[in-house]
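Student: I am new to this structure. Please take me through one part of it closely, and then show me how that part connects to the rest.

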Amino acid sequence: MNKKVLFVVGSLREKSFNRTVAEYISKRLEEKGIETSFLDYSKLPFMNQDIEFPAPIEVEKVRNDVKGADALWIVTPEYNGSVPGALKNFLDWISRPVVKGNFGAPEFVKGKLVAVSGVAGKSEASLVITEISGLLTRMGLNLLEEKVGLALPAEAFQTGVFNLSDEQKAKLDNEVKVFIEKF
(Lines give C-alpha, C1' and ligand atoms only; values in the text may rest on other atoms or scores of the structure.)
Protein backbone atom coordinates (compact mmCIF):
# COMPACT_ATOMS: atom_id res chain seq x y z
CA MET A 1 0.00 0.00 0.00
CA ASN A 2 1.40 3.37 -1.03
CA LYS A 3 2.07 6.04 1.53
CA LYS A 4 -0.12 9.11 1.19
CA VAL A 5 0.79 12.79 1.45
CA LEU A 6 -1.95 15.39 1.80
CA PHE A 7 -1.09 18.85 0.46
CA VAL A 8 -2.52 21.89 2.22
CA VAL A 9 -2.06 25.07 0.18
CA GLY A 10 -2.23 28.22 2.31
CA SER A 11 -3.83 30.27 -0.46
CA LEU A 12 -7.36 29.42 -1.52
CA ARG A 13 -6.86 31.14 -4.89
CA GLU A 14 -7.30 28.61 -7.69
CA LYS A 15 -4.12 29.59 -9.55
CA SER A 16 -2.08 30.57 -6.52
CA PHE A 17 1.68 30.69 -6.80
CA ASN A 18 1.92 28.35 -3.81
CA ARG A 19 -0.31 25.82 -5.56
CA THR A 20 2.21 25.87 -8.43
CA VAL A 21 4.93 24.96 -5.92
CA ALA A 22 2.75 22.27 -4.31
CA GLU A 23 2.01 20.73 -7.70
CA TYR A 24 5.73 20.61 -8.49
CA ILE A 25 6.47 18.85 -5.17
CA SER A 26 3.52 16.51 -5.66
CA LYS A 27 4.86 15.38 -9.05
CA ARG A 28 8.28 14.69 -7.52
CA LEU A 29 6.71 12.58 -4.76
CA GLU A 30 4.53 10.67 -7.23
CA GLU A 31 7.65 9.88 -9.28
CA LYS A 32 8.88 8.08 -6.13
CA GLY A 33 5.67 6.07 -5.80
CA ILE A 34 4.07 8.23 -3.11
CA GLU A 35 0.36 8.96 -3.48
CA THR A 36 -0.60 12.64 -3.17
CA SER A 37 -3.82 14.60 -2.89
CA PHE A 38 -4.84 18.19 -2.24
CA LEU A 39 -7.06 19.22 0.65
CA ASP A 40 -10.08 21.39 -0.06
CA TYR A 41 -10.76 23.27 3.16
CA SER A 42 -12.41 26.28 1.56
CA LYS A 43 -15.81 25.57 3.15
CA LEU A 44 -14.62 25.23 6.76
CA PRO A 45 -16.58 27.41 9.15
CA PHE A 46 -14.62 29.67 11.46
CA MET A 47 -13.41 27.82 14.56
CA ASN A 48 -16.05 28.43 17.21
CA GLN A 49 -16.45 26.44 20.41
CA ASP A 50 -20.23 26.94 20.21
CA ILE A 51 -20.35 24.61 17.17
CA GLU A 52 -17.50 22.29 18.13
CA PHE A 53 -19.59 19.33 19.37
CA PRO A 54 -20.86 17.78 17.27
CA ALA A 55 -18.43 19.07 14.69
CA PRO A 56 -19.88 20.48 11.46
CA ILE A 57 -19.80 18.10 8.49
CA GLU A 58 -17.10 20.15 6.71
CA VAL A 59 -14.87 19.80 9.79
CA GLU A 60 -15.44 16.04 9.81
CA LYS A 61 -14.54 15.83 6.10
CA VAL A 62 -11.27 17.69 6.64
CA ARG A 63 -10.41 15.63 9.74
CA ASN A 64 -11.03 12.41 7.78
CA ASP A 65 -8.74 13.59 4.99
CA VAL A 66 -6.00 14.33 7.53
CA LYS A 67 -6.59 10.95 9.25
CA GLY A 68 -6.23 9.18 5.91
CA ALA A 69 -2.87 10.75 5.13
CA ASP A 70 0.47 9.45 6.34
CA ALA A 71 1.97 12.95 6.18
CA LEU A 72 1.04 16.55 5.45
CA TRP A 73 2.84 19.07 3.25
CA ILE A 74 1.89 22.70 3.80
CA VAL A 75 2.79 25.19 1.06
CA THR A 76 1.87 28.70 2.09
CA PRO A 77 2.21 32.37 1.23
CA GLU A 78 2.70 35.11 3.79
CA TYR A 79 -0.22 37.40 4.46
CA ASN A 80 1.13 40.50 6.17
CA GLY A 81 4.16 38.46 7.25
CA SER A 82 1.99 35.83 8.88
CA VAL A 83 -0.13 32.70 8.41
CA PRO A 84 -3.12 33.16 6.07
CA GLY A 85 -6.38 33.19 8.03
CA ALA A 86 -7.96 30.23 6.21
CA LEU A 87 -4.89 28.08 6.87
CA LYS A 88 -4.80 29.08 10.54
CA ASN A 89 -8.50 28.22 10.81
CA PHE A 90 -7.84 24.76 9.33
CA LEU A 91 -4.99 24.17 11.78
CA ASP A 92 -7.18 25.31 14.68
CA TRP A 93 -9.88 22.83 13.71
CA ILE A 94 -7.56 19.83 13.37
CA SER A 95 -5.79 20.64 16.63
CA ARG A 96 -9.02 20.62 18.65
CA PRO A 97 -10.28 17.57 20.58
CA VAL A 98 -12.76 15.38 18.75
CA VAL A 99 -14.38 14.14 21.96
CA LYS A 100 -15.91 16.54 24.47
CA GLY A 101 -13.89 16.57 27.69
CA ASN A 102 -10.62 15.51 26.03
CA PHE A 103 -7.81 18.01 25.87
CA GLY A 104 -5.00 18.53 23.39
CA ALA A 105 -4.58 17.58 19.76
CA PRO A 106 -6.29 14.39 18.58
CA GLU A 107 -4.24 11.22 18.07
CA PHE A 108 -4.48 11.48 14.27
CA VAL A 109 -2.44 14.70 14.45
CA LYS A 110 0.17 13.82 17.07
CA GLY A 111 3.48 12.79 15.58
CA LYS A 112 2.30 13.05 11.96
CA LEU A 113 5.13 14.15 9.67
CA VAL A 114 4.59 17.60 8.19
CA ALA A 115 6.75 19.49 5.70
CA VAL A 116 6.54 23.24 5.12
CA SER A 117 7.36 25.24 2.00
CA GLY A 118 6.28 28.64 0.80
CA VAL A 119 6.67 31.33 -1.78
CA ALA A 120 6.36 35.04 -1.09
CA GLY A 121 8.13 38.24 -2.03
CA LYS A 122 11.60 39.25 -0.93
CA SER A 123 11.16 37.53 2.45
CA GLU A 124 11.12 34.15 0.70
CA ALA A 125 8.24 33.22 3.05
CA SER A 126 10.69 33.18 5.96
CA LEU A 127 8.30 34.97 8.33
CA VAL A 128 5.40 32.57 7.79
CA ILE A 129 7.68 29.51 7.82
CA THR A 130 9.07 30.55 11.20
CA GLU A 131 5.63 31.30 12.60
CA ILE A 132 3.91 28.17 11.32
CA SER A 133 6.82 25.97 12.42
CA GLY A 134 6.24 26.98 16.03
CA LEU A 135 2.51 26.43 15.68
CA LEU A 136 2.88 22.96 14.12
CA THR A 137 5.36 21.91 16.80
CA ARG A 138 3.00 23.06 19.57
CA MET A 139 0.23 21.05 17.88
CA GLY A 140 2.34 17.91 18.29
CA LEU A 141 3.15 17.33 14.63
CA ASN A 142 6.55 15.95 13.60
CA LEU A 143 8.00 18.91 11.70
CA LEU A 144 10.52 18.20 8.94
CA GLU A 145 13.68 20.19 9.67
CA GLU A 146 14.27 21.05 6.01
CA LYS A 147 12.01 23.92 4.97
CA VAL A 148 12.11 25.82 1.70
CA GLY A 149 11.04 29.41 1.15
CA LEU A 150 11.19 30.91 -2.32
CA ALA A 151 11.13 34.48 -3.58
CA LEU A 152 8.47 35.33 -6.10
CA PRO A 153 9.81 37.26 -9.10
CA ALA A 154 8.10 40.59 -9.82
CA GLU A 155 6.87 39.41 -13.23
CA ALA A 156 4.76 36.71 -11.54
CA PHE A 157 2.65 39.43 -9.91
CA GLN A 158 2.18 41.06 -13.32
CA THR A 159 1.46 37.92 -15.36
CA GLY A 160 -0.23 35.79 -12.69
CA VAL A 161 2.14 32.93 -13.59
CA PHE A 162 5.02 31.62 -11.47
CA ASN A 163 7.67 29.70 -13.35
CA LEU A 164 10.09 28.01 -10.98
CA SER A 165 13.75 28.63 -11.77
CA ASP A 166 16.22 25.74 -11.91
CA GLU A 167 17.71 26.96 -8.61
CA GLN A 168 14.26 26.96 -6.96
CA LYS A 169 13.51 23.49 -8.31
CA ALA A 170 16.84 22.25 -6.89
CA LYS A 171 15.92 23.60 -3.43
CA LEU A 172 12.53 21.87 -3.58
CA ASP A 173 14.08 18.65 -4.92
CA ASN A 174 16.40 18.62 -1.89
CA GLU A 175 13.45 19.13 0.47
CA VAL A 176 11.68 16.21 -1.25
CA LYS A 177 14.81 14.06 -0.81
CA VAL A 178 15.01 14.86 2.92
CA PHE A 179 11.27 14.25 3.30
CA ILE A 180 11.46 10.82 1.63
CA GLU A 181 14.41 9.84 3.86
CA LYS A 182 12.34 10.70 6.95
CA PHE A 183 9.09 9.25 5.58
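Tutor: Look at D92 and K88 in helix 3. They sit four residues apart, so about one helical turn separates them. Their side chains form a salt bridge, with the closest N and O atoms 2.6 Å apart. This is a predicted model. D92 is partly exposed, at 22% relative accessible area. K88 is partly exposed too, at 32%. Side chains of opposite charge can pair when their charged atoms come close.

Now turn to the nonpolar side of the picture. The largest nonpolar core has 33 residues, and L87, F90, L91 and L136 touch the most other members. Who supplies this core? At least two residues come from each of strand 1, helix 2, strand 3, helix 3, strand 4 and helix 4. Take L136 as a sample. Leaving aside residues up to four places away in sequence, L136 touches I74, L91, V114, V116, L141 and L143. In soluble globular proteins, nonpolar side chains tend to be buried together.

A second core lies apart from the largest one. This other core has 27 residues, among them F7, A115, L152 and F179.

Helix 3 also helps to cover helix 2. Helix 2 spans residues 57-67, and its buried residues are E58, V59, V62, R63 and V66. These five cover an arc of only 135 degrees around the axis, so they lie on the same side of helix 2. What covers them includes helix 3 (85-95), strand 1 (4-9) and strand 3 (71-75).

Helix 2 has a salt bridge of its own. E58 pairs with K61, and the closest N and O atoms are 3.3 Å apart. E58 and K61 are three residues apart in helix 2, so about one helical turn lies between them. E58 is one of the buried residues of helix 2. K61 is partly exposed, at 45% relative accessibility.

Next, follow strand 1. Five of its six residues are buried, so the strand is mostly covered. Strand 1 and strand 2 (residues 35-38) run parallel, joined by four bridges. Strand 1 also pairs with strand 3, again in the parallel sense, over five bridges. F7 shows both pairings. Opposite F7 in strand 2 stands F38. In strand 3, the bridge partner of F7 is W73. Helix 1 (residues 17-31) joins the picture here: with strand 1 and strand 2 it makes a right-handed β-α-β unit.

Go on to the loop between strand 2 and helix 2. A salt bridge starts there, between the side chains of E52 and R96, at 2.8 Å from N to O. This pair links distant parts of the chain. E52 lies in the loop between strand 2 and helix 2, and R96 in the loop between helix 3 and strand 4, 44 residues apart. Are these two partners buried or exposed? E52 counts as buried, at 4% relative accessibility. R96 is partly exposed, with a relative accessible area of 25%. The structure holds nine salt bridges. Elsewhere, R28, E31 and D173 are linked in a network of them.

Stay with that loop a little longer. P54 lies in it. The peptide bond from F53 to P54 is cis, with omega near -5 degrees. A55 is in the loop between strand 2 and helix 2 as well. A55 has 17% relative accessibility, so it counts as buried. Leaving aside residues up to four places away in sequence, A55 touches E60 and R63. The C-alpha atoms of A55 and V99 are separated by 9.7 Å, and these residues are 44 residues apart along the chain.

One more loop deserves a stop. E124 lies between strand 4 and helix 4. Its phi is near 55 degrees, a positive value in a residue other than glycine. A125 is found in the loop between strand 4 and helix 4 too. The phi of A125 is near 65 degrees, also positive. What about their burial? E124 is partly exposed, at 35% relative accessible area. A125 is buried, at 0%. Most residues other than glycine have a negative phi, and most peptide bonds are trans.

Note on methods. Residues numbered from 1 in each chain as written. Predicted model: local features only at pLDDT ≥ 70, side-chain atom pairs only at ≥ 80, totals over all residues. Heavy atoms only, no water. Buried < 20%, exposed > 50% of the residue type's maximum accessible area, 1.4 Å probe, protein only. Arc of directions from axis to C-beta. Contact = heavy atoms within 4.5 Å. Pairing = 2+ DSSP bridges. Right-handed = clockwise from strand over helix to strand, strands pointing away. Core = buried A, V, L, I, M, F, W, Y, C linked by side-chain atoms within 4.5 Å. Salt bridge = Lys/Arg side-chain N within 4 Å of Asp/Glu carboxyl O.
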